[in-house]
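Here is a short report for a reader who is new to this structure. Look at the sequence and the model, then read on.

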2 protein chains.
Amino acid sequence: MDILITAGGTSEKIDNVRSITNHSTGRLGKIIGEAFLAQGHHVTYVTTAQAVRPNEQQALTLLEIETTKDLESTLIRLFEEKNYDAIIHSMAVSDFTTETAFSEEQFIQQLAEKLMIDSSTSMSDLEQTLKTVMNEVGQTSQNQKKIPSNTDRLLLFLKKNPKIIAMLREKQPQAIIVGFKLLVAVSEEELITVGQGILEKNHCDFVLANDLTKITQDQHDGLLIAADGNLQKAHTKAEIAQLIRKNIEEKWRNNR
Amino acid sequence: MDILITAGGTSEKIDNVRSITNHSTGRLGKIIGEAFLAQGHHVTYVTTAQAVRPNEQQALTLLEIETTKDLESTLIRLFEEKNYDAIIHSMAVSDFTTETAFSEEQFIQQLAEKLMIDSSTSMSDLEQTLKTVMNEVGQTSQNQKKIPSNTDRLLLFLKKNPKIIAMLREKQPQAIIVGFKLLVAVSEEELITVGQGILEKNHCDFVLANDLTKITQDQHDGLLIAADGNLQKAHTKAEIAQLIRKNIEEKWRNNR
């Protein structure tokens, strides 16, 4: 089989020396990749600089990206070249990228200036006015090489990144798609509900739902939710990797 | 000699899965550490998880920190235990830490509500009002485990961290102190002016000023500015390390 795995965590630059980083050691992705490689599958592995990854070998194609935008363009190029049998999208992707940065003083000045122009606005329209003003302020290019440090408070405007998981089904209708959802300190019930929501919305075949508070050095609780509603549990990264591999192999055989 | 080196780059949590990170490979710090270790000095080396560091050896004490606050408390503890002969503060320290995060909708609602209360304010007082309101909004605890992702625009409020370099002289009056300043795409003149400003303000003995655009895999231009106005240039990390070591050893001998 031709398997595509995304793993690691993306970073979005704030300026030349700072980034917002999504944490991911890449350890789970590495083990999933190794599980498929051990069965003789070909793995295209898209990851980030800081993450661990499977050792180089012939059946492995390694690609490194930094930002969500990089990931998007890399995947689009890969999808034009090949139809994958399965896509395992485990990368921790930044939901937001930096739009602009202001010192509090700059922001207040901008906001006041723009509110001045609309000084005829009644207070009841204030929320709508603020919405318009914030949009104008957010789109003001600061064009800064390094964000200002001579202020007591800094405001970062972040704008939404493209949703990578949302484009997988459209670009690769034939693939068995596994999405990932990481939540923090939720009940198993909520984990299932949110995971099923992600699965349906993005037309995945499986979603691996997990909770940060259930991940330690030795333990990694994971819940593999299938499109038919079937639930399977794993308690270590190795178990999660085998669960995903077996379910993909089985579905692939049944699909043929 | 007893040498204290800080190296690497600090990170400040945004939520449980995201951080703002100051980039630093730690490569320069590692080489500086090795230059002192090779001369038989004892090195206390404070660094961050992602950064490279000198190999473990008897004359090396390694400490790992994450945030600027961690760095501050670690240094204060070290300074209570020992008087260092020299302090080389090369760590890329986050100027700001996360105060709160809002979706644009939450922010506008907060701002509008608080502006309402002050609806009697004349437009000429707007900037002052906004200052007060921003302060109130910034101090509103969001208490979020994971920042909202269901919004097109996110606002991060960042507040100033303690200035680590500013406390070194007060806590360790006997030490030879080397500060670092990284700028981006400036003239040599500006590099010198800014570097001298940092040196004077923080009562350093030396400041190593460098420019991100003059740092590549093989090259690292550095300008060592001494308190007496003397300027020395280096063009690689190894040259910078030797320049710092020689100047500290010489100053230490002269001080005795």
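In this predicted model, strand S9 (residues 176–183) of chain B and strand S10 (residues 206–215) of chain B run parallel and are joined by six bridges. Within S10(B), B:Asn210 is the residue that stands opposite B:Leu182.

**The sheet of chain B**

These two strands belong to a wider sheet. It is open, has eight strands and shows mixed pairing. Its order in chain B is S5-S4-S1-S6-S9-S10-S11-S12. Where does the sheet have its edge strands? They are strand S5 (60–64) and strand S12 (231–234) of chain B, and each pairs on one side only. From one strand to the next, the twist averages 15 degrees.

Helices lie across the strands. The table lists two of them.

| Helix of chain B | Strands of chain B it lies across | Angle |
|---|---|---|
| H1 (residues 27–38) | S1 (2–6), S4 (42–47), S5, S6 (86–89), S11 (220–226) | about 165 degrees to S4(B) |
| H6 (residues 188–201) | S9, S10, S11, S12 | about 145 degrees to S10(B) |

**Chain A as a whole**

Turn now to chain A. It holds seven helices and 12 strands. The C-alpha trace of chain A spans about 65 × 40 × 40 Å along its principal axes. Chain A has 256 residues, and 41% of them count as buried. Take the contacts in chain A with a separation of 6 or more: residues 24 or more positions apart account for 66% of them.

How is chain A divided? Domain 1 takes 2–95 + 162–255, and domain 2 takes 102–160. Over C-alpha atoms, the centres of domain 1 and domain 2 of chain A are separated by 37 Å.

One residue serves as a close-up. A:Gly197 lies in helix H6 (residues 188–201) of chain A. Is A:Gly197 buried or exposed? A:Gly197 is exposed, because 12 other C-beta atoms lie within 10 Å and a residue with 12 or fewer counts as exposed. Compare its position with that of A:Thr67. A:Gly197 and A:Thr67 are 130 residues apart in sequence, and their C-alpha atoms are 25 Å apart in space.

**Where the chains meet**

The contact draws 44 residues from chain A and 44 residues from chain B. On the side of chain B that touches chain A, four elements each supply at least two residues: strand S3 (18–22), helix H3 (104–117), helix H4 (126–138) and strand S8 (153–160). Which of them gives the largest share of that side? S8(B) does, with eight residues. By class, the side of chain B that touches chain A has 23 nonpolar, 10 polar and 11 charged residues.

Strand S8 also pairs across the contact. Seven bridges join strand S8 (residues 153–160) of chain A to S8(B), and the two run antiparallel. There, A:Leu156 has B:Leu156 as its bridge partner.

**How the copies are related**

A turn of 180 degrees, with a shift of 0.0 Å along the axis, lays chain B on chain A with an RMSD of 0.0 Å. The two copies are therefore related as by a two-fold rotation axis. Which surface do the copies use to meet? Of the interface residues of chain B, 100% are also interface residues in chain A, so the copies meet through the same surface.

Terms used:
Residues are numbered from 1 along each chain as its sequence is written. Chains are lettered from A and ligands numbered from 1 in the order in which they are written. This is a predicted model: local features need pLDDT of at least 70, side-chain atom pairs count only at pLDDT 80 or more; totals for chains, interfaces and linings use all residues. Two residues are in contact if their C-beta atoms, placed from the backbone, lie within 7 Å. Ala, Val, Leu, Ile, Met, Phe, Trp, Tyr, Cys and Pro count as nonpolar, Asp, Glu, Lys and Arg as charged, and the others, Gly among them, as polar. Two strands pair if DSSP finds at least two bridges between them. Domain bounds come from an automatic or database domain assignment. A residue is buried if 20 or more other C-beta atoms lie within 10 Å of its own, exposed if 12 or fewer, and partly exposed in between; C-beta atoms are placed from the backbone. Copies are superposed by least squares on the C-alpha atoms of residues with pLDDT of at least 70 in both. Axes are lines fitted to C-alpha atoms, for helices over the stretch in contact, and angles run from 0 to 180 degrees between N-to-C directions.
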